[in-house]
Amino acid sequence: AWEHTEWGRMRLLFRNVVTLQPRNVTFWDGFAWHMGYNASLAARNDINQPNEALRIKNQQLYFKAAENIYLEGIQNNPDTYYLYERLAEFYRDKLNDNLKASEYFDKAAQFPNSPTYEKRMAAYDLSYVPGREQDAYDKLMKLYKMGYRERLPELLLRLKYLEDKL
């Protein structure tokens with residue numbers, strides 16, 4: 001279905017898979033990925049739809065579907081950080097919503113087995129949100145004070161940017 005860009009068929013097949021295996025985060029992630037990245041791009045670039053406004057609307061429908069899939073996957077798998085992280089990346093990369101991205105990276109970071117970069121990603125994304133510069137600066141400075149392992153180039157760049165802005 002993916003190779004033939006049969007998005008409706010793919011959606012039905014993935015819906016069956018996640019219904020049968022709701023505790024498998026890989027299936028939720030694959031489902032949301034195809035809707036939010038592949039199908040949305042295909043809708044936006046659909047040469048059979050001459051109306052740009054309808055192409056954008058169709059792309060937005062796939063974005064909304066992907067968001068709902070991630071949220072449903074989280075509801076079915078509340079004990080793992082992975083789908084929180086993937087939803088955060090989706091908010092950042094596709095919806096340009098750094099505030100929601102930061103919130104979901106923060107949620108992912110609350111899990112004891114989450115990667116250490118989750119807190120950094122939450123702070124980085126927050127640093128791009130207008131009006132939240134001080135909050136972002138405080139989070140980044142807290143990471144900086146944790147030691148040299150946290151003093152990565154991006155962290156230093158974002159701190160400098162925020163210092164200049166504040």
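## Helix 6 against helix 7

Helix axes are here lines fitted to C-alpha atoms over the stretch in contact, and the angle between two of them runs from 0 to 180 degrees between N-to-C directions. In this predicted model, helix 6 and helix 7 pack at an angle of about 150 degrees, and their axes lie 8 Å apart. Because angles over 145 degrees count as roughly antiparallel, helix 6 and helix 7 are therefore described as roughly antiparallel to each other. The crossing of these two helices is left-handed.

On the side of helix 6 the contact is made by Lys-119, Arg-120, Ala-123, Tyr-124 and Leu-126, while helix 7 contributes Asp-135, Ala-136, Lys-139, Leu-140 and Leu-143. Sorted by character, the residues of this contact comprise six nonpolar and four charged ones, with no polar residue in the set.

## How helix 6 is covered

Helix 6, which spans residues 117-126, is mostly covered, with seven of its ten residues buried. The buried residues are Glu-118, Arg-120, Ala-122, Ala-123, Tyr-124, Asp-125 and Leu-126. Helix 7 (133-144) is one of the elements that cover them, and the cover also includes helix 4 (82-93), helix 5 (98-109) and helix 8 (153-165).

## Two nonpolar cores

The largest nonpolar core has 31 residues, and those with the most contacts inside it are Met-35, Leu-87, Phe-90 and Tyr-104. Two or more residues of this core come from each of helix 1 (7-20), helix 2 (25-44), helix 3 (52-76), helix 4 and helix 5, and the largest share, eight residues, is supplied by helix 2. For Leu-87, leaving aside residues up to four places away in sequence, the residues touched are Glu-67, Tyr-70, Leu-71, Ile-74 and Tyr-104.

A second, separate core has twelve residues, among them Ala-123, Leu-126, Leu-140 and Leu-159. Of these, Ala-123 and Leu-126 also belong to the contact that helix 6 makes with helix 7, as does Leu-140 from the helix 7 side.

## A buried glutamate in helix 4

Glu-89 is found in helix 4. Its relative accessibility is 16%, and since buried means under 20%, Glu-89 counts as buried. When residues up to four places away in sequence are not counted, Glu-89 touches Tyr-37, Lys-94 and Phe-105.

Conventions
Residues numbered from 1 in each chain as written. Predicted model: local features only at pLDDT ≥ 70, side-chain atom pairs only at ≥ 80, totals over all residues. Heavy atoms only, no water. Buried < 20%, exposed > 50% of the residue type's maximum accessible area, 1.4 Å probe, protein only. Helix = DSSP H or I, 4+ residues; strand = E, 2+ residues; numbered from the N terminus. Contact = heavy atoms within 4.5 Å. Parallel < 35°, antiparallel > 145°, perpendicular 65-115°, else oblique. Left-handed = near helix turned anticlockwise from the far one by under 90°. Nonpolar A, V, L, I, M, F, W, Y, C, P; charged D, E, K, R; others polar. Core = buried A, V, L, I, M, F, W, Y, C linked by side-chain atoms within 4.5 Å.
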